[in-house]
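Here is a short set of exercises on cavities and helix packing, each with a worked solution. Keep the viewer open and follow along step by step.

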Amino acid sequence: AAVELLVVAQDAIIDGSGYPSDAIEHNTKRLRPIGLGYANLGAFLLSLGVPYDSGGGVASAAAITALMTGVAYRRSAELAATLGPFPEFGLNREEMLGVVERQLAAVDDIDEDRDDRAAEILQAARREWAQALAMGRRNGFRNAHVTLVPPTGTVSLMLDSETTGIEPYYALTTVKRFADGGQVKLASRAVADGLRALGHTDAVVERLTEYALDHGQLADSPELQPHERDVFRTAAGSDALTPGAHLRMVAAVQPFLSGGVSKTFPLPADADAATVEHVFIDAWRLGLKSVAVYRDGSKLTQPLSADED
């Protein structure tokens, strides 16, 4: 329902907006691109007790993305039946339908056995993609581009999200610095939910939540089982997610997006040129559209850090 509403709203904005140049206005109205995405994925998985770097985490993210884009294309085809497809659809009909066909086929590549939640979402996703393709063949699409995963930096804070875009937690406690020199310490609210999902008692949840607040992580907490620590791994810290974990997550959702994924691949302060090279080559092999790396501490100041030093 949220996707259906936002497709209509974003399509309407195209006609009501002002544009910085005639060329941008011309292209926008000829192609009518819109861009739905999401935030809070990392916090969502942690709150369920599902590791970001796991088969279940990757499958859930892929299933959610597939459902979002399938509904968006279906709604776009419904709008096209009433308002007409985007003006250049006729020139791109076979190519665009071919993309939608490949995206529908990619839904079957998601390993639904990794997560029970993913299986239910995938049933809806397959139905939506099939309807979108059938209606697109009949009506065309109102929009050439419907989804991407944006960075949602400040927007995430305004929406009370715990994590931005597709990102995992940077740390369980982070220090966010602002352009005016101020800073705020942000503690994860999803840690308690994740601990309860793993079956811990209220007393243990309280102790571990305090531990996370003080230390910024739970990797070396003696009260967690080794397999439970994976749930609380973050982008920074002593038990940080590897670049490969970030790449696998982006590769899982990319087949179901019209555009790219805004994703920073965080590297430790001692990362060398070879590490950066491997990240970009691996991303190319996975067919990813956009990759940015950031080496911790490589700038005089940075928006997020795991401690106040």
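**Exercise 1.** Into which classes do the residues lining the largest cavity divide?

*Solution.* Four of the lining residues are nonpolar, four are polar and three are charged. To check this by name in the predicted model, start with the stretch that includes Gln217, Leu218 and Ala219. Next come Arg229, Phe232, Arg233 and Thr234. Finish with Ala236, Gly237, Ser238 and Asp239. When you assign classes, remember that Gly counts as polar. The space these residues enclose is about 70 Å³.

**Exercise 2.** How many cavities of 30 Å³ or more does a search of the whole structure find, and which residues line the second largest cavity?

*Solution.* The search gives two cavities. The second largest holds about 60 Å³ of space. Its lining brings together Gly42, Leu45, Leu46, Val50, Pro51 and Tyr52 with Pro168, Tyr169, Val231 and Arg233. Sorted by class, that lining has eight nonpolar residues, one polar and one charged. Now compare the two lists: Arg233 appears in the lining of the largest cavity and also in that of the second largest.

**Exercise 3.** Classify the orientation of helix α1 (residues 2–16) relative to helix α4 (residues 55–83), then describe their contact.

*Solution.* First take the geometry: the helices pack at an angle of about 50 degrees, and their axes are 9 Å apart. Angles under 35 degrees count as roughly parallel and 65 to 115 as roughly perpendicular. The pair α1 and α4 is therefore oblique. The crossing of α1 past α4 is right-handed. On the α1 side, the contact uses Val3, Glu4, Val7, Val8 and Asp11. From α4 come Met68, Val71, Ala72, Arg74, Arg75, Ser76, Leu79 and Leu83. Together they make eight nonpolar, one polar and four charged residues.

**Exercise 4.** Do the same for α4 and helix α11 (residues 243–253).

*Solution.* Here the axes come within 8 Å and cross at roughly 30 degrees. With the cut-off of under 35 degrees, α4 and α11 are therefore roughly parallel to each other. Once more the handedness is simple to state: α4 passes α11 in a right-handed crossing. In the contact, Gly57, Val58, Ala61, Ala62 and Thr65 of α4 meet Arg248, Met249, Ala252 and Val253 of α11. The class count is six nonpolar, two polar and one charged.

**Exercise 5.** At what angle do helix α8 (residues 190–197) and helix α9 (residues 202–215) pack, and which residues make the contact?

*Solution.* Begin with the angle, about 145 degrees, and the distance between the axes, 10 Å. The crossing of α8 past α9 is right-handed. Val191, Ala192, Leu195 and Arg196 contribute from α8, while Asp202, Val205, Leu208 and Thr209 contribute from α9. By class, this contact has five nonpolar, one polar and two charged residues.

Note on methods. Residues numbered from 1 in each chain as written. Predicted model: local features only at pLDDT ≥ 70, side-chain atom pairs only at ≥ 80, totals over all residues. Heavy atoms only, no water. Axes fitted to C-alpha atoms, helices over the stretch in contact; angles between N-to-C directions. Helix = DSSP H or I, 4+ residues; strand = E, 2+ residues; numbered from the N terminus. Left-handed = near helix turned anticlockwise from the far one by under 90°. Contact = heavy atoms within 4.5 Å. 1 Å grid on protein atoms, 1.4 Å probe; cavity = no way out; pocket = protein on both sides within 12 Å on 5 of 7 lines; lining within 4 Å. Points joined across faces, edges and corners; volume = space filled by probe spheres on them. Parallel < 35°, antiparallel > 145°, perpendicular 65-115°, else oblique.
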